[in-house]
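Colleague: I should like to understand the reasoning behind the terms used for this model. Please set each value beside its cut-off before concluding.

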Amino acid sequence: MQPTFFINHGGGPCFFLDPGPMRDSWSALEHYLRGFMGRLREKPSAIVVVSGHWAERVPSVNAGAAPPLLYDYSGFPPHTYDLTWPAPGAPSLAGRIRAGLAEMGIASGTETRRGFDHGVFVPFKVMMPEAELPVVQVSMQRDFDPAFHLALGRALAKLRREGVLIVGSGQSYHNMSRFFGRGPDRGAEAFDAWLRDIVTDPNGRDAALTHWASAPGARDAHPHEDHLLPLMVAAGAATGEPGVVDFHGHALGKPISGFRFG
């Protein structure tokens, strides 16, 4: 059975910039992502990913057979808008996801034209450059309710027994007004330490994540929670199972951590 993961996807197309300070600041995360697939116990049959860059009124499932790329960033060099990553979709798996959500009483929608956003193709182009496995992207729900997204993860959990890898792609730190500021963000450091502590507690983790906004430094790290909610899906898909810190480092002087569950 596959574990689940919460990964950091970096800033825009950061892993594909020319050498320099911006690219270098993400080098540790790039190295981690480059070795990601090789560390899995077994090759996945498919990948289901929830990105911090897609939210709808109800969770929507990308059922496209060959999703294009959505270059949803701005201000980067021209070559970063020519990146390719032709991972196939999986319409049959998308249909089974929707059926499974319905069984759990979760309304959902279908999307067939939207491309993979940069929360998907940027990290996965590093992780899986051959783009050989089918990928289905599932959106968040626009209310960003943590309890709901934990339940969304639980509704996806049975896919793991079929060899499907479930990945939440966001950022453990996403305060854009402070990202480029000098020096550490002490509040964000406190929140990152809290996250790294609570992921290891399978019994209290879901309750703690439901009330994440009350944690030390929570709003210093996440003025808006869109990039944190993919963590809830990954954790919910492994409720009651052990969690570990799979990556910890800093980018632009700010803490970033990734987690593995199950």
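Colleague: What percentage of the 262 residues in the protein chain do buried residues make up?

Modeller: The model is a predicted one. Buried residues account for 58% of the 262 residues in its protein chain. A residue is called buried when its relative accessible area is under 20%.

Colleague: What makes the radius of gyration of the protein chain agree with that of a compact globule?

Modeller: For 262 residues, a compact globule would have a radius of gyration near 18 Å, and the protein chain has 17 Å; the value therefore agrees with the rule. The C-alpha trace spans about 50 × 45 × 35 Å along its principal axes. The chain contains 10 helices and 10 strands. Of the contacts between residues at least 6 apart in sequence, 80% join residues at least 24 apart.

Colleague: Why is helix 5 called largely enclosed?

Modeller: Helix 5 covers residues 146–156, and eight of its 11 residues are buried, so the rest of the structure largely encloses this helix. The buried residues are Pro-146, Phe-148, His-149, Leu-150, Leu-152, Gly-153, Ala-155 and Leu-156.

Colleague: What covers the buried residues of helix 5?

Modeller: The cover includes three helices and three strands, namely helix 3 (91–103), helix 8 (205–210), helix 10 (229–236), strand 2 (46–51), strand 7 (140–141) and strand 8 (164–170).

Colleague: Why is strand 1 described as largely enclosed by the rest of the structure?

Modeller: Five of the five residues of strand 1 (residues 4–8) are buried, so the same conclusion of being largely enclosed by the rest of the structure holds for this strand. Both of its faces are covered, with Thr-4, Phe-6 and Asn-8 buried on one side and Phe-5 and Ile-7 buried on the other.

Colleague: How do you know that strand 1 pairs with strand 8, and in which sense?

Modeller: Pairing requires at least two bridges, and strand 1 and strand 8 have five, in the parallel sense. Phe-5 stands opposite Val-167 of strand 8. Strand 1 is also joined to strand 10 (residues 254–261) by three bridges, and these two strands run antiparallel. There, Phe-6 stands opposite Phe-259.

Colleague: What makes strand 9 and strand 10 a pair?

Modeller: Eight bridges join strand 9 (residues 243–251) to strand 10, and the two run antiparallel; the requirement is at least two. Gly-243 stands opposite Phe-261 in strand 10. The two strands form a hairpin with two residues between them, in which Leu-252 takes a positive phi near 55°.

Colleague: Why does Leu-252 count as partly exposed?

Modeller: Its relative accessibility is 24%. Partly exposed lies between the limits of 20% and 50%, and Leu-252 therefore counts as partly exposed at 24%. Leu-252 is not a glycine, although its phi is positive.

Colleague: What is the phi of Ala-131, and why is Ala-131 called buried?

Modeller: Ala-131 has a positive phi of about 55° although it is not a glycine. This residue lies in the loop between helix 4 and strand 6. Its relative accessibility is 5%, and the cut-off for buried is under 20%, so Ala-131 counts as buried.

Colleague: Why is Glu-130 called exposed?

Modeller: Exposed means over 50%, and Glu-130 has a relative accessibility of 57%, so Glu-130 counts as exposed. Glu-130 is found in the loop between helix 4 (118–127) and strand 6 (135–137).

Colleague: Why is Pro-88 placed in the partly exposed class, and what is in contact with Pro-88?

Modeller: The relative accessible area of Pro-88 is 29%, so Pro-88 is partly exposed. Pro-88 is found in the loop between strand 4 (60–62) and helix 3. Beyond neighbours within four places in sequence, Pro-88 is in contact with Ala-65, Pro-67, Ala-131, Leu-133, Pro-134 and Val-135. Pro-88 and Pro-67 are 21 residues apart in sequence, with 7.0 Å between their C-alpha atoms.

Colleague: What makes Ser-27 partly exposed?

Modeller: Ser-27 has a relative accessible area of 40%, so Ser-27 is partly exposed. Its place is in helix 2 (residues 27–34). The C-alpha atoms of Ser-27 and Ala-251 are separated by 8.5 Å, and these residues are 224 apart along the chain.

Technical notes. Residues are numbered from 1 along each chain as its sequence is written. This is a predicted model: local features need pLDDT of at least 70, side-chain atom pairs count only at pLDDT 80 or more; totals for chains, interfaces and linings use all residues. Side-chain values use heavy atoms; hydrogens and water are left out. Buried means under 20% relative accessible area, exposed over 50%, partly exposed in between (1.4 Å probe, protein chains only). Helices (H or I, at least four residues) and strands (E, at least two) are DSSP runs, numbered from the N terminus. Contact means heavy atoms within 4.5 Å. The radius of gyration is taken over C-alpha atoms; the globule rule is 2.2 Å times the number of residues to the power 0.38.
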